[in-house]
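Trainee: I have some time this afternoon and would love to go through a structure with you. Shall we take it by question and answer?

Mentor: Gladly; let's put it up and begin.

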Amino acid sequence: MKTNKPVCVTGASGFIAAHITRELLERGYSVRGTVRKSPESYPFLLALPGAKERLELVKADLLTAGAYDLAVEGCDFVMHTASPYKINVKNPQADLVDPAVIGTTTILESCMKSKSVKRVIFTSSIAAITDEPENAKVFTEKDWNTMSSLDRQPYQYSKTLAELEAWDFIMRKRPKFDLVVINPVMVIGPSLSPSLNTTNQIIRDIMSGVYPGIMDLNWSFVDVRDVAKAHILAMENDSASGRYLCSAEEMHMRDLLALLKSSGFNRYSLPKIDLSGAAGSLLMKALSFTQPRDTGMYIRINVGRTMRCNNSKIKRELGLSFMPVKESIIETVKDMVKWGHLPQPSRIG
Ligand code: NAP
């Protein structure tokens with residue numbers, strides 16, 4: 001379904017939502033993006049091709065009741081992407097769960113009041129599917145994270161509760177709009193803004209000596225531009241329904257390092273000691289207790305386990321094809337150098 005009305009994108013300043021905004025503008029749509037500061041604080045959004053004519057930025061906060069009433073008014077489609085993506089926060093309830101869950105209810109209430117909204121495309125996460133890879137399992141849209149809590153991977157908990165609230169709202173209130181959910185894995189890729197996204201930061205850390213060695217860790221990656229396309233396909237495709245696991249490929253830390261070395265990034269402080277065997281994994285789990293709470297927990301849960309995701313539903317039903325993760329990683333690194341998150345290779349001694 002296409003629309004000539006503005007498409008509302010919440011949290012338009014964010015890594016993913018900025019790309020959704022760019023892609024929508026590129027395809028000729030008008031966008032009403034919600035942000036937390038005044039519009040002039042976002043020159044990277046205002047400079048997007050088509051923004052002058054077709055981008056409107058309005059202020060809204062997830063914790064303010066009714067804050068999105070005006071933002072969604074007159075829109076056929078709302079992409080709800082705003083939600084805090086942070087780890088090692090001081091107060092998981094206030095910093096993560098409340099904005100994620102109360103924010104979801106707030107947006108859906110506004111959509112219900114609007115009478116114009118036909119579909120909400122909700123940015124959930126792999127976090128709502130699992131917080132613990134299992135070696136013998138390939139995760140699908142049928143899986144739900146039942147392990148996270150305020151004390152265990154609270155970001156993953158916030159995303160699980162928020163998506164559950166979204167589906168529950170639909171059951172409880174039977175609104176006129178439908179809900180389609182995108183569940184991206186680790187999103188990497190070039191950033192439209194100077195800030196460093198939590199996932200790109202993992203690659204930055206790998207290249208900056210933060211990791212003591214090569215660990216038995218593997219990640220499911222997807223490029224941010226493919227995640228943006230997924231949201232738009234979920235809007236344009238009338239028959240889109242349910243959840244869509246949005247994952248391109250898995251990559252082991254060992255292969256990621258081999259890629260970086262063979263791509264000319266070997267002057268960075270890449271980990272060299274191989275800690276990916278059984279003894280190394282035990283050592284890493286012991287050392288994880290010296291890390292900040294959520295980082296340590298992540299290491300203990302993920303080391304030695306392989307994450308596998310089935311992306312057949314999104315390819316089959318939405319026709320999404322994914323760019324190769326190797327390309328995406330190299331572009332991410334070059335982009336982090338461009339923004340100054342990593343030094344220029346020529347300036348490393
Ligand atoms: P991001 O760059 O940190 O963007 C988060 C957005 O949410 C920002 O626009 C932020 O606004 C907004 N936000 C946070 N708290 C808010 C509040 N109280 N009121 C209003 N807006 C608020 O993160 P991202 O990676 O783009 O993530 C966007 C969405 O994708 C999130 O729902 C995240 O859970 C999901 N996701 C991300 C990944 C990933 O790997 N990056 C993977 C799966 C799912 P400010 O700019 O003002 O802070």
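Mentor: One term before we start: helices here are DSSP runs of H or I with at least four residues, and they are numbered from the N terminus. Please keep in mind that this is a predicted model.

Trainee: Thanks. Then in which helix does Asp294 lie?

Mentor: Residues 293–302 make up helix α11. Asp294 is one of the buried residues of that helix. So the element to name, with buried meaning under 20% relative accessible area, is the one in which Asp294 lies: helix α11.

Trainee: Which residue is 206 places from Asp294 in sequence, yet 5.2 Å away in space, C-alpha to C-alpha?

Mentor: Start with the surroundings of Asp294, which has a relative accessible area of 5% and is therefore buried. Leaving out residues up to four places away in sequence, Asp294 touches Ile87, Val89 and Pro154, among others. The partner that is 206 residues away in sequence and 5.2 Å away between C-alpha atoms is Asn88.

Trainee: Against which helices do the buried residues of α11 pack?

Mentor: The buried set in α11 includes Gly296, Met297, Ile299 and Ile301. After the helix comes Gly304, with a positive phi near 85°. As for the packing, the buried residues of α11 lie against α6 and α10 (278–287).

Trainee: Let's move to the ligand. How much of its accessible area does the protein cover?

Mentor: Look at the polar contacts to begin with: an N or O atom in the side chain of Ser13 is 2.8 Å from an oxygen atom of the ligand. A polar side-chain atom of Arg36 is 2.9 Å from a ligand oxygen, and for Lys159 the distance is 2.7 Å. On its own the ligand has 890 Å² of accessible area, and the share covered by the protein is 86%.

Trainee: Which elements each supply at least two residues of the shell around the ligand?

Mentor: There are 26 residues around the ligand, and Ser13, Tyr155, Lys159, Asn197 and Thr199 come nearest. By type, the shell divides into 13 nonpolar, ten polar and three charged residues. The elements that each give at least two residues are α1, α6 (154–173) and β7 (186–188).

Trainee: Is Thr21 buried or exposed?

Mentor: Thr21 has its place in helix α1, residues 15–26. Not counting residues up to four places away in sequence, Thr21 touches Val9, Ala12, Val31, Leu48 and Leu55. Its relative accessible area is 0%, so Thr21 is buried.

Trainee: What about the loop after that helix: how exposed is Gly28?

Mentor: Gly28 sits in the loop between α1 and β2 (31–35). Gly28 and Arg54 are 26 residues apart in sequence, with 8.4 Å between their C-alpha atoms. Because its relative accessibility is 48%, Gly28 counts as partly exposed.

Trainee: Which helix gives the most residues to the largest nonpolar core?

Mentor: The largest nonpolar core has 83 residues, and those with the most contacts inside it are Leu24, Leu45, Leu260 and Ile329. The greatest contribution, eight residues, comes from helix α8 (residues 224–236). Apart from this core lies another, of 23 residues, including Cys8 and Val120. The helix you asked for is α8.

Trainee: Staying with that helix, is Val224 buried or exposed?

Mentor: Val224 is found in helix α8. Beyond its neighbours within four places in sequence, Val224 is in contact with Phe15, Ile16, His19, Val187, Ile188, Gly189 and Pro190. With a relative accessibility of 0%, Val224 counts as buried.

Trainee: My last one is about backbone angles. What is the phi of Gln153, which is not a glycine?

Mentor: Gln153 is in the loop between β5 and α6, and at 4% relative accessible area Gln153 is buried. Lys115 also has a positive phi without being a glycine, about 70°, but Lys115 is in the loop between α5 (92–114) and β5 (119–123) and counts as exposed at 77% relative accessibility. For Gln153, phi is positive, at about 50°.

Methods. Residues are numbered from 1 along each chain as its sequence is written. This is a predicted model: local features need pLDDT of at least 70, side-chain atom pairs count only at pLDDT 80 or more; totals for chains, interfaces and linings use all residues. Side-chain values use heavy atoms; hydrogens and water are left out. Buried means under 20% relative accessible area, exposed over 50%, partly exposed in between (1.4 Å probe, protein chains only). Contact means heavy atoms within 4.5 Å. A nonpolar core is a set of buried Ala, Val, Leu, Ile, Met, Phe, Trp, Tyr and Cys residues joined through side-chain atoms within 4.5 Å. A residue is near a molecule or strand if one of its heavy atoms lies within 4 Å of it. A polar contact is a pair of N or O atoms within 3.5 Å; within protein, one must be able to donate a hydrogen and the other to accept it, and residues adjacent in sequence count only if both atoms are side-chain atoms. Accessible areas come from the Shrake-Rupley method with a 1.4 Å probe; for residues, only the protein chains shown count as cover. Ala, Val, Leu, Ile, Met, Phe, Trp, Tyr, Cys and Pro count as nonpolar, Asp, Glu, Lys and Arg as charged, and the others, Gly among them, as polar.
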